[in-house]
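Colleague: Could you walk me through how the helices pack here, and where the pockets sit? I'd like the reasoning along with the values.

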Amino acid sequence: MEIKTDAIVLQTVDYKDNDKILTLFSPSLGKITAGAKGVKKPTAKLAFAAQPFCFSEYVLAEKGGRYTVTGAYLHESFFSLRYDIERFYAACAATEVCRVVLTENEHYEGLFIGLIECLKALSLSEDDPAEALVSFLIIALRESGYPLDLSFLEECGGDIGDKVWFDFSDGRFSTFDRCVRGERASLSTYHTLRKCAGLTYDEEKLSGGKKRALRLLKAFLVDKTEEEYKNLGEFLRLYEEG
């Protein structure tokens, strides 16, 4: 059986002398594994389709629950990510999160669009890579069933004081006496998350918020999925040193 689907390459693994095993993200099929034969050869016509971040329409042959790439039509390679290590690791962090939260045979159109927009922001614009990644992680958490609740500002009538806590039990910001299981969070973290989520925020309270927001989101992801997120950690290291 032949299947056509748009997909993004989340990961590649060398297999045998000239083949690769691809982890693909399809909005209609979820996370799937597909073999790509002969793509390591210098003259391979489908070599482009076996590169990280490649966004293409893939033609897949399915047999016994296994997929093989038989054709591909390129939409965007996001090749420029390879020339900037900070943006490269931001893209790796985004695809890493997708590999963890995705499952097979599920529809993920919202997350798929979010990943494409993130990769575009990282490779085709001068936007801050940390802000693009924070925006994507907010979408990824929502689409995977762990949404952030950023309504604390409205609940407090706009006066939230300077003591904010993040509750890992339900992804909410609150006061200490209402926090069940969490940690102290800065106002810059809170307002940065609101900005990246498209909500109202205080411009004067954003300083240093991107780094703090990424650290908090990583901790929240680790808490919910019990994964390490090494690429996200590496991006944080590079961004903090930059």
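Colleague: How are α1 and α2 oriented to each other?

Modeller: Keep in mind that this is a predicted model. The axes of α1 and helix α2 (residues 109-124) come within 9 Å and cross at roughly 170 degrees. Angles over 145 count as roughly antiparallel. Therefore α1 and α2 are, relative to each other, roughly antiparallel.

Colleague: How many nonpolar residues are in the contact of α1 with α2?

Modeller: On the α1 side you have R87, A90, A91, A94, T95, C98 and V101, and on the α2 side L111, L115, C118, L119, A121 and L122. Sorted by class, that contact has 1 polar and 1 charged residue, and the nonpolar count is 11.

Colleague: And α1 with α7, what's the relative orientation there?

Modeller: Helix α1 (residues 85-101) and helix α7 (residues 230-241) have axes that come within 7 Å and cross at roughly 155 degrees. The crossing of α1 past α7 is left-handed. With over 145 degrees as the cut-off, α1 and α7 are therefore roughly antiparallel.

Colleague: How many charged residues does the contact of α1 with α7 have?

Modeller: From α1 come I85, E86, Y89, A90, C92, A93, E96 and R99, while α7 brings K230, N231, L232, E234, F235, L238 and Y239. By class there are 9 nonpolar residues and 1 polar residue, and the charged ones number 5.

Colleague: Which way does α3 run relative to α7, antiparallel or parallel?

Modeller: For helix α3 (residues 129-143) and α7, the axes come within 11 Å and cross at roughly 150 degrees. α3 passes α7 in a left-handed crossing too. Since the angle is over 145, α3 is, with respect to α7, roughly antiparallel.

Colleague: What class are the residues in the contact of α3 with α7?

Modeller: P129, A130, L133 and L137 of α3 meet L232, F235 and Y239 of α7. By class there are no polar and no charged residues, and the 7 that remain are nonpolar.

Colleague: On to empty space: which element gives the largest share of the lining of the largest pocket?

Modeller: That pocket holds about 320 Å³ of space. Four strands give two or more residues to its lining: β2 (19-26), β3 (30-36), β4 (55-63) and β5 (66-76). The largest share, 4 residues, comes from β3.

Colleague: Which residues lie nearest the centre of the largest pocket?

Modeller: By class, the lining has 6 nonpolar, 3 polar and 6 charged residues. Out of the 15 lining residues, the ones nearest the centre are I21, G35, K37, Y67 and T68.

Colleague: Which element gives the most to the lining of the second largest pocket?

Modeller: About 160 Å³ of space lies in this one, and L10, Q11, T12, P52, F53, F88, C92, T95, R99 and N231 line it. Two elements, β1 (2-15) and α1, give two or more residues to the lining. The top contributor, with 4 residues, is α1.

Colleague: How many charged residues are in the lining of the second largest pocket?

Modeller: Its residues include C92, R99 and N231, and those three also take part in the contact between α1 and α7. Split by class, the lining has 5 nonpolar and 4 polar residues, and the charged count is 1.

Key:
Residues numbered from 1 in each chain as written. Predicted model: local features only at pLDDT ≥ 70, side-chain atom pairs only at ≥ 80, totals over all residues. Heavy atoms only, no water. Axes fitted to C-alpha atoms, helices over the stretch in contact; angles between N-to-C directions. Parallel < 35°, antiparallel > 145°, perpendicular 65-115°, else oblique. Left-handed = near helix turned anticlockwise from the far one by under 90°. Contact = heavy atoms within 4.5 Å. Nonpolar A, V, L, I, M, F, W, Y, C, P; charged D, E, K, R; others polar. 1 Å grid on protein atoms, 1.4 Å probe; cavity = no way out; pocket = protein on both sides within 12 Å on 5 of 7 lines; lining within 4 Å. Points joined across faces, edges and corners; volume = space filled by probe spheres on them.
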